[in-house]
Amino acid sequence: MPEMKKTREGWGKGLVELGEVNPNVCVLTADLGESTMCHFFGEKFPERYFQVGIAEQNMMCIAAGLSVTGKIPFMATYGAFAACRALDQIRITVAYSNLNVKIGGAHGGISVGPDGATHQALEEFAIIRSIPNMTLICPTDFWETKKATIAAGNTYGPFYLRFGRENVPVVTNADTPFEIGKGYQLEKGGDLTIIACGMMVFEALVASEELRKQGISARVVNIHTIKPIDRELITKCAKETGAIVTAEEHQVNGGLGGAVAEVVVQNFPVPMEFVAVMDTFGKSGKPSELMEKFGLTSKEIINASLKALKRKK
Amino acid sequence: MREKLNVEQLKSKALEIRRNIITMLTYAGSGHSGGSLSSTDYGTALFFNEMNIEPKNLNYKDRDLWFFSIGHVTPLIYSLMAEAGYFPKNDLLLFRQFQGRLEGHPCKKHVPGIEVSAGSLGQGLSVAVGAALGSKLDKHKRRVYVVCGDGELQEGQIWEAAMSAAHYKLDNLCAFVDYNKLQIDGNVEDVMGIHPLGDKFRAFNWNVVEIDGHNFEEILAALEKARNFKGRPTVILGNTIMGKCVSFMENNHKWHGNPPSKEQAAIALAELGTTLEDWTKRLAES
């Protein structure tokens, strides 16, 4: 088993690093400073850390106002509240104005666990990627979340970063290159490509290893930036491997799978299968129980891969 | 430093702005007459007396910041901007039209000088709170102004923002409520009552100044009070008349979201001392 670490810790540490080099970076939270781990920033830079109370819509627009004065506001709350409750504020005030506001959607995905469906954000990709000007990133592990946070701070424009609650396997390291909008290959393969994001990248690696034992060579690609998506890499994978499986901790409608499919059907149609939550709300349980129940495992990726291969001409 | 207009000059500037508003709405064939006319006098005082702005230098670092939380009063916003020199007045003639750049609701991308796009009610006060907070953080002396509607105060986010402005002690923030007592579906008190408004803001720890929103002496005095008040944000409750200065529009909620027809515009502009032809010519030439 690889090292386990929280993605939200990457966000929290990334914010501190940004704060150290750029005095314009400020952080806001809606009474979730500790669980989104932006309290690290608050302890170090209390004058630039704003507790706005339980008022996500207000927080979104306060961040917009801060950006007008040249600040680089990062805000953190749970994804369920960021992308859903404050959606109107994101669409009109932040994105339509193309402001330099960075939204941290914590506790994304089914792996939030016992809090149940209300807190299991499974819709943010579909919501956020439909809004012009937004950049949407779902990093895979601690290191990548930290790098994505820092990259967001150094790049103008409205960003949405999605990360999770649990400890997840560390699949990259401090030196793995990270570039917004550029996916990368983690495992070579020629029979099909598994494209994943977030914690499903690790499941994809496990699936690829299993498939190799069955004589199938599955390429694994991490697409951390869901918008703008890496069209070039996806098209290359379709051409070179002839089948694609996507895996994400998100609803099947309009998420990573949909985004990849939009590229594939336009550029080089190949059979595709989707591993995602199948248009249903979550429930309470342990993260591992829920990943199993909702089909977000390496086993499901293997099944989907075999299905895609069968359809491949 | 721009020249500050005195009360007499403000009155004639406000008259010109009302002529612009009627002319724009007539050509657009749609848009919001009532609130544009009720907040004209306050807007004129802000742009031509109170605020430190340099419309020709949009990146002027020390500028005061202004926001209209009621994005729909674009006839007023764009008229103020054009008269102040942000862009040529002939742009006003293409308001809300495909060929023009003046969107129905304020758009940052198309109109330099608009700091944040607006149109969904209830968000601008929060934006102003953020701008005031950022200015405090920089220990900057600038002031932040925001114009809200009265019906808009039914949005819950307004009260989140009100709570936070007082919590952060934003005495650099001055809000104005265009209290014309009407909204698109009728009387504010019938649709969803907001009375007693002053008490509500006082309970949220704001400094409250209530005035006649069409009286320039009172407006300027209120703005001065707000500037000198320390430790808490100020809200100016401006008692106004929807459709002010156009007899058939005054105090009639039907004019919230409707433009005058050409015939109605002729009457309105006659009351404002001009004609559509003359005023169009004036705008087209500048």
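Which residue lies over the face of F45(A), and at what distance from the ring centre? R48(A) does, at 4.3 Å from the ring centre. The close-up views below are taken from a predicted model, in which local features need pLDDT of at least 70, side-chain atom pairs count only at pLDDT 80 or more, and totals for chains, interfaces and linings use all residues. Residues are numbered from 1 along each chain as its sequence is written, chains are lettered from A and ligands numbered from 1 in the order in which they are written, and side-chain values use heavy atoms, with hydrogens and water left out.

**View 1. Charges over the rings of F45(A) and F142(A).** A charge counts as lying over a ring if NZ of Lys or CZ of Arg is within 6 Å of the ring centre and within 35 degrees of the ring normal. Besides R48(A) over F45(A), K5(A) lies over the face of F142(A), at 3.8 Å from the ring centre.

**View 2. Aromatic pairs in chains A and B.** Rings of Phe, Tyr and Trp (its six-membered ring) pair if their centres lie within 6.5 Å; planes under 30 degrees apart are stacked, over 60 edge-to-face, and the rest tilted. The structure holds 17 such pairs over all chains. One of them joins F41(A) and F45(A) in a tilted arrangement, with 4.9 Å between centres and 50° between planes. F41(A) is buried at 0% relative accessible area, and F45(A) is buried at 10% (buried means under 20%, exposed over 50%, partly exposed in between; 1.4 Å probe, protein chains only). W66(B) and F68(B) pair edge-to-face, at 6.1 Å centre to centre and 80° between the planes. Ring pairs link these two residues with F47(B) and Y86(B) into a cluster.

**View 3. Helix α7 of chain A, residues 142-153.** Helices (H or I, at least four residues) are DSSP runs, numbered from the N terminus. Its twelve residues should span 16 Å (1.5 Å times one less than the number of residues), and the end C-alpha atoms, 17 Å apart, agree with this. Ten of the twelve residues are buried, among them F142(A), E144(A) and G153(A). D141(A) caps the N-terminal end, with a side-chain oxygen 3.2 Å from the backbone nitrogen of W143(A).

**View 4. Cysteines of chain B without a disulfide.** A disulfide is a pair of cysteine sulfur atoms within 2.5 Å, and a search of the whole structure finds zero. The sulfur of C107(B) is too far for a bond, because the closest cysteine sulfur, in C61(A), is 16 Å away. C148(B) is in no disulfide either, the nearest cysteine sulfur, that of C174(B), being 10 Å away. C107(B) is buried at 1% relative accessibility, and C148(B) is buried at 2%.

How values were computed:
Helix = DSSP H or I, 4+ residues; strand = E, 2+ residues; numbered from the N terminus. Polar contact = N/O pair within 3.5 Å; in protein donor to acceptor, adjacent residues only side chain to side chain.
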